[in-house]
Amino acid sequence: MPHVIVSPCVGVKDQACTEVCPVECIYDGGDQYLIHPDECIDCGACVPACPVSAIFPEEDVPGGEEDFIVKNRAHFGL
């Protein structure tokens, strides 16, 4: 499962996650960063790098944040 960036990233957009991603699958989505689900290799390197704890494996996205799964896939046309 790919990772998903949720609400704490909105408006913050710290680039720490983009700097550690070995496959460069994290993109600027306007108000936040988004992870391309087909490019993510599920390595988890981005999770500890995020200073606002906004990155989760898709299956572990917290309750109330599920809309970010849809937003992420829609941004990439999936």
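Which residues line the second largest cavity? In this predicted model, the lining consists of I5, C9, V12, K13, D14, C17, Y33, C50, P51, V52, A54 and I55. By residue class, this lining divides into 10 nonpolar, no polar and 2 charged residues, and the space that lies in the second largest cavity amounts to about 60 Å³. The structure holds 2 cavities of 30 Å³ or more, and the largest has a volume of about 90 Å³. Of the 14 residues that line the largest cavity, those closest to its centre are C21, C25, C40, C43 and C46, while the lining as a whole comprises 11 nonpolar residues, 2 polar residues and 1 charged residue.

Cysteines thus appear in the linings of both cavities, with C9, C17 and C50 among the residues of the second largest and C21, C25, C40, C43 and C46 at the centre-facing positions listed for the largest. The number of disulfides in the model nevertheless comes to 0. For C43, the nearest cysteine sulfur is that of C21, at 6.1 Å, and C43 is in no disulfide. The sulfur of C50 is 6.3 Å from the closest cysteine sulfur, in C17, and because a disulfide requires two sulfur atoms within 2.5 Å, this separation is too far for a bond. The surroundings of C43 and C50 were also assessed by accessibility: C43 has a relative accessibility of 45% and counts as partly exposed, whereas C50, at 12%, counts as buried.

C40 belongs to the loop between β3 (33-35) and α2 (46-49), and with a relative accessibility of 18% it counts as buried, because the cut-off for that class is under 20%. Apart from neighbours within four places in sequence, C40 is in contact with P2, H3, C25 and I35. The C-alpha atoms of C40 and E24, which are 16 residues apart in sequence, lie 8.4 Å apart in space.

The largest nonpolar core contains 13 residues, of which I5, C25, I26, I35, C46 and I55 touch the most other members. A second, separate core comprises 5 residues, including V4, V6, V61 and I69. When neighbours within four places in sequence are set aside, I55 is in contact with H3, V4, I5, C17, I35, C46, V47 and C50; these contacts include I5, I35 and C46, which are listed with I55 among the core residues that touch the most other members. In soluble globular proteins, nonpolar side chains tend to be buried together.

Two histidines were examined in the same terms. H3 is found in strand β1 and is buried, with a relative accessible area of 5%. Beyond neighbours within four places in sequence, the contacts of H3 are I35, C40, D42, G44, V47, I55, F56, P57 and E58. For P57 in particular, the C-alpha to C-alpha distance from H3 is 4.2 Å, although the two residues are 54 residues apart in sequence. H36, in turn, lies in the loop between β3 and α2, counts as buried at 13% relative accessibility, and is in contact with C25, Y27, F76 and L78 when neighbours within four places in sequence are left aside.

Backbone geometry was considered at two loop residues. Most residues other than glycine have a negative phi. K13, which is not a glycine, nevertheless has a positive phi of about 50 degrees, and E24 likewise shows a positive phi, near 50 degrees, in a residue other than glycine. K13 lies in the loop between β1 (3-5) and α1 (16-20) and is partly exposed, with a relative accessible area of 22%; K13 is also one of the residues lining the second largest cavity. E24 is placed in the loop between α1 and β2 (26-28) and, with a relative accessible area of 61%, is exposed. A further loop residue, G30, is found between β2 and β3 and counts as partly exposed at 49% relative accessibility. The C-alpha atoms of G30 and K13 are separated by 9.2 Å, the two residues being 17 residues apart along the chain.

Note on methods. Residues are numbered from 1 along each chain as its sequence is written. This is a predicted model: local features need pLDDT of at least 70, side-chain atom pairs count only at pLDDT 80 or more; totals for chains, interfaces and linings use all residues. Side-chain values use heavy atoms; hydrogens and water are left out. Buried means under 20% relative accessible area, exposed over 50%, partly exposed in between (1.4 Å probe, protein chains only). A nonpolar core is a set of buried Ala, Val, Leu, Ile, Met, Phe, Trp, Tyr and Cys residues joined through side-chain atoms within 4.5 Å. Contact means heavy atoms within 4.5 Å. Helices (H or I, at least four residues) and strands (E, at least two) are DSSP runs, numbered from the N terminus. On a 1 Å grid over the protein atoms alone, a cavity is a set of points where a 1.4 Å probe fits but cannot get out, and a pocket is an open set with protein on both sides within 12 Å along at least five of seven lines; lining residues have an atom within 4 Å of a point. Grid points are joined across faces, edges and corners, and a volume is the space filled by probe spheres set on the points. Ala, Val, Leu, Ile, Met, Phe, Trp, Tyr, Cys and Pro count as nonpolar, Asp, Glu, Lys and Arg as charged, and the others, Gly among them, as polar.
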